[in-house]
Amino acid sequence: MNFQLKDKVALITGSTSGIGYATAKLLLQEKAIVYINGRTSSSVSQAIQQLKSEVKKAKVFGKVGDFNHSKTAHLITADLPHIDILINNVGVYDSSPFFETPDSTWENHFQVNVMSGVRLSRILLKGMLDSNWGRILFISSECAYLVPTDMVSYSASKAMLHAISKGLAQLTKSSGVTVNVVAPGSTLSKGAEEFLSQKIKSSEKKKNEVVQEFFSAERSQSLLQRFTSPEEIAQTIVYLCSPLSSATNGAIIKSEGGSTSGVF
Ligand SMILES: NC(=O)c1ccc[n+]([C@@H]2O[C@H](COP(=O)([O-])OP(=O)(O)OC[C@H]3O[C@@H](n4cnc5c(N)ncnc54)[C@H](OP(=O)(O)O)[C@@H]3O)[C@@H](O)[C@H]2O)c1
C-alpha cells in the first residue's frame, strides 16, 4: 500500500528496538526519512546499521538522548530539519506494588513518558502548523484503561497523554495537522520481554505458563489472548502518520486486542 509518506521527515523517540524500531522500519519502507532515538550512541548506531541492512536505500539518522533529562528535547532537535511527523513513543514501565513504588519511579515515568512528548511537541508543533501539515502521535497503553495495581504510576502517566493529545489537537483546528493517541496492548518488545522475565524469576515458572497465566488472570478480557508483535502496532501508527488518515484528529486509537472493557 502507498501511504503517501515519501520524503516526509519523522522523529521517533525510543526507537532502537520494539514498537519504535518496527515503526521506523515501516516508515523507511514507505520511503520516509527517519530520525531514530535511544540513550546511547552504540544502541543508536547498531539500530541504524540494522535498519539499513533491512531496508534498501533507507534514509535513517540517529539522535542520542535520554528523556529522563529535561534538556534532551532541546538538544536533539537543535539541528534537525523540519519535522513532519513526531512519534512520542518512548515509554518506561516496571512492575512494583503501589506501596513500594518510590517517588523516583513516579518522577522517572513523568519525565520520560509525559514530558518528553510535551517538550518535543512544544518545539515542533508550531513548525507543522506553519507548513499546514503534520502528524503528532502519542503512544499510550491499554494500562491507561486497566490501571493494574502494580503499574499505577505508568498507567497514570499514559492516561495523562490522552488529555495532552486532546489539548494539542484543539490547537490544530482548520489545519492539515493532526494529533492522535495509539494505545497498544501487551506487545512483545524488549521491554515486555524484561517485564516477563521479572515475572518468570519471581514465580519460578516456565515462560509459556507465565504468558498463559498473564492473559487468563491479568488480561482476561483480551480478545486476542496473545502478545501482539511490534510490527502489528507499527502498522496502525504508520497509517495515522499518513495523509490517508486526515479525518482522524484528537482521537485515541486502541490496538490492544480488545483488552479494555466498555464501549469507548
Ligand atoms: N510493549 C508493550 O507491551 C507495550 C504495551 C502498551 C504500550 N507500550 C508503549 O509503547 C511504547 C514502546 O514500548 P516498547 O515496549 O516497544 O519499548 P521498549 O522495548 O521498552 O523500549 C525500548 C526503546 O526505548 C528506548 N528508551 C528507553 N528509555 C529511554 C530514555 N529514557 N530515553 C530515550 N530512549 C529510551 C530504548 O533505547 P536504548 O535502549 O537504545 O537507550 C529503546 O529504543 C512505550 O511508550 C510503551 O509504554 C508498550
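## Polar contacts to the ligand

An oxygen atom of the ligand sits 3.3 Å from a polar backbone atom of Ser 15. The model is predicted. The backbone of Ile 19 also takes part: one of its polar atoms is 2.8 Å from a ligand oxygen. At Ser 189 the partner is in the side chain, where an N or O atom lies 2.4 Å from an oxygen atom of the ligand.

The protein buries 93% of the 900 Å² that the ligand exposes when taken alone.

## The shell around the ligand

The ligand is surrounded by 33 residues. Ser 43, Asn 89, Tyr 93, Tyr 154 and Ser 189 are the closest. By class, the shell has 19 polar, 10 nonpolar and four charged residues.

Which elements give two or more residues to this shell? They are helices α1 (18–29), α6 (152–170) and α7 (190–203), together with strand β2 (33–38). Of these, α7 gives the most, with three residues. Two of the residues already named fall within the listed ranges: Ile 19 in α1, and Tyr 154 in α6.

## Helix α4

Helix α4 covers residues 103–131, 29 residues in total. From first C-alpha to last, α4 reaches 41 Å. The expected value at 1.5 Å a residue is 42 Å, so the span is close to it by the rule of 1.5 Å times one less than the number of residues.

Where does α4 bend? The bend is at Met 115, by about 45 degrees. Just after the helix comes Asn 132, with a positive phi of about 60 degrees.

Note on methods:
Residues numbered from 1 in each chain as written. Predicted model: local features only at pLDDT ≥ 70, side-chain atom pairs only at ≥ 80, totals over all residues. Heavy atoms only, no water. Near = heavy atom within 4 Å. Polar contact = N/O pair within 3.5 Å; in protein donor to acceptor, adjacent residues only side chain to side chain. Areas by Shrake-Rupley, 256 points an atom, 1.4 Å probe, with all protein chains shown as cover. Helix = DSSP H or I, 4+ residues; strand = E, 2+ residues; numbered from the N terminus. Nonpolar A, V, L, I, M, F, W, Y, C, P; charged D, E, K, R; others polar. Bend = angle between axes of the 7 residues up to and from the residue.
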